[in-house]
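Biologist: I've got a model open and I'm still learning to read it. Could you walk me through it?

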Amino acid sequence: MSLITNDVDGVEAPSARIVIAPDSFKGTATAEQAAQWLGEGVRSVIRDADITLAPMADGGEGTSSLFAGERITLPTTDAAGRLTEATYTYDAATETAYIDVAAASGLPAVADHPVPLTGDTYGTGVLIADAETRGAKRIVLGLGGTATIDGGTGILVALGANPIDQAGYQLKPGGGSLTQLADLDTAKVNVPAGALEWLLLTDVTSPATGPSGAAAVFGPQKGASAEDVELLDAGLTRLCEVAGIDPATPGMGAAGGLGIGITWLSTLLHGDANHVHITPGARAVADANGVADLIGAASLVITGEGRFDSQTASGKVVGAICEMAREAGAGSPTVAVAAGSFEGEPDGGVLAVQLEDIADIREQLVRAGAQIAVAYLNDGATGAE
């Protein structure tokens, strides 16, 4: 992970080892910016601290940019089928493409006109197909922030596998038509792309269907009405039946059930689902940049996100960082969380700092960093090693 940097301004002779590992503050600050600005605030109080910036992500927007490789930008379509451009990371050394589904199929691009029934992931499929032509043998998909509930059928269409109805006609895009699904036509399937190794990074453990499934939980966030949710849930249920996928599989509901389509295609081409791995995104990013080791050697760990709520502990960056700090055992570091709002309190012993209500996000985070540093020192931590 090339974005880890030691120190904020090069000051040496550290008195405290501090790791700053926030998520992005969606719409206001990237994870890199958040880490930098929190670090500036800490530095204003603890001037000789040894600060390591380790920007984080959990599979949502911005995940692919945290991995080393060439940034590839190309034309594609958004969730509404409109022309757009999207960027992903390709690491030729490891033959791995890192793609955020939100880059092409994200909610912000259609926020002015949500498309819960007709939105699809075709644009993400274009990125996947492009990566395979560049030599990718492995696709790492970040599943957060999508506008779609199509079960990954848009990706399937982009890779030549078409959902059809009883009469043999291709279904309209989106999850709203999946109740009419009779079969998946593979006559033109892109075998090299479909047969890749898949790592699906998720920030939720939701099943595909049911009261805690993709449509019920995330549909309203994507503009779905109660009637839409019922139709979408029935559509995903039908897709699972045709595809032979267990809808109760943890994480299968992420990104509008995207894993259903990917798992079906990979199983078709390999004979089993062993080439698809659904895993917590925050842990995967942390493993890639050695964050657990950094935390184990730190005296203070700072993380953060836009909103701390009931979902934070279920695969989000902040929850993962707090868990890794607890796993450090004896001598575990102090943990601090900065957030724009708190719906509930972090576990005992965690410093919670809410951003001040001012317009400048940089200033909010700098002040939060300084406040955390003061609280850390007032708790009696010297940080001397």
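**One asparagine and a sheet**

Modeller: Sure, let's start with N289, which is buried, with a relative accessible area of 9%; buried means under 20%, exposed over 50% and partly exposed in between, using a 1.4 Å probe and protein chains only. The model is predicted, so local features need pLDDT of at least 70, side-chain atom pairs need 80 or more, and totals for chains, interfaces and linings use all residues. Residues are numbered from 1 along each chain as its sequence is written, and side-chain values use heavy atoms, leaving out hydrogens and water.

Biologist: Which helix is N289 found in?

Modeller: Helices are DSSP runs of H or I with at least four residues, strands are runs of E with at least two, and both are numbered from the N terminus. N289 sits in residues 281-289, and that's helix α9.

Biologist: In what order do the six strands of the open sheet come?

Modeller: Two strands pair if DSSP finds at least two bridges between them. The pairing here is mixed, and the order is β4-β5-β6-β7-β10-β11.

Biologist: And which are the edge strands?

Modeller: Look for strands that pair on one side only. Those are β4 (70-77) and β11 (276-280).

Biologist: What angle does the direction of α9 make with that of β11?

Modeller: α9 packs on the sheet, touching β10 and β11, where contact means heavy atoms within 4.5 Å. Axes are lines fitted to C-alpha atoms, for helices over the stretch in contact, and angles run from 0 to 180 degrees between N-to-C directions. For α9 and β11 that gives about 90°.

Biologist: What is the bridge partner of D91 in β6?

Modeller: Strands β5 (residues 83-91) and β6 (residues 96-100) pair in the antiparallel sense over three bridges. In β6, the partner of D91 is T96.
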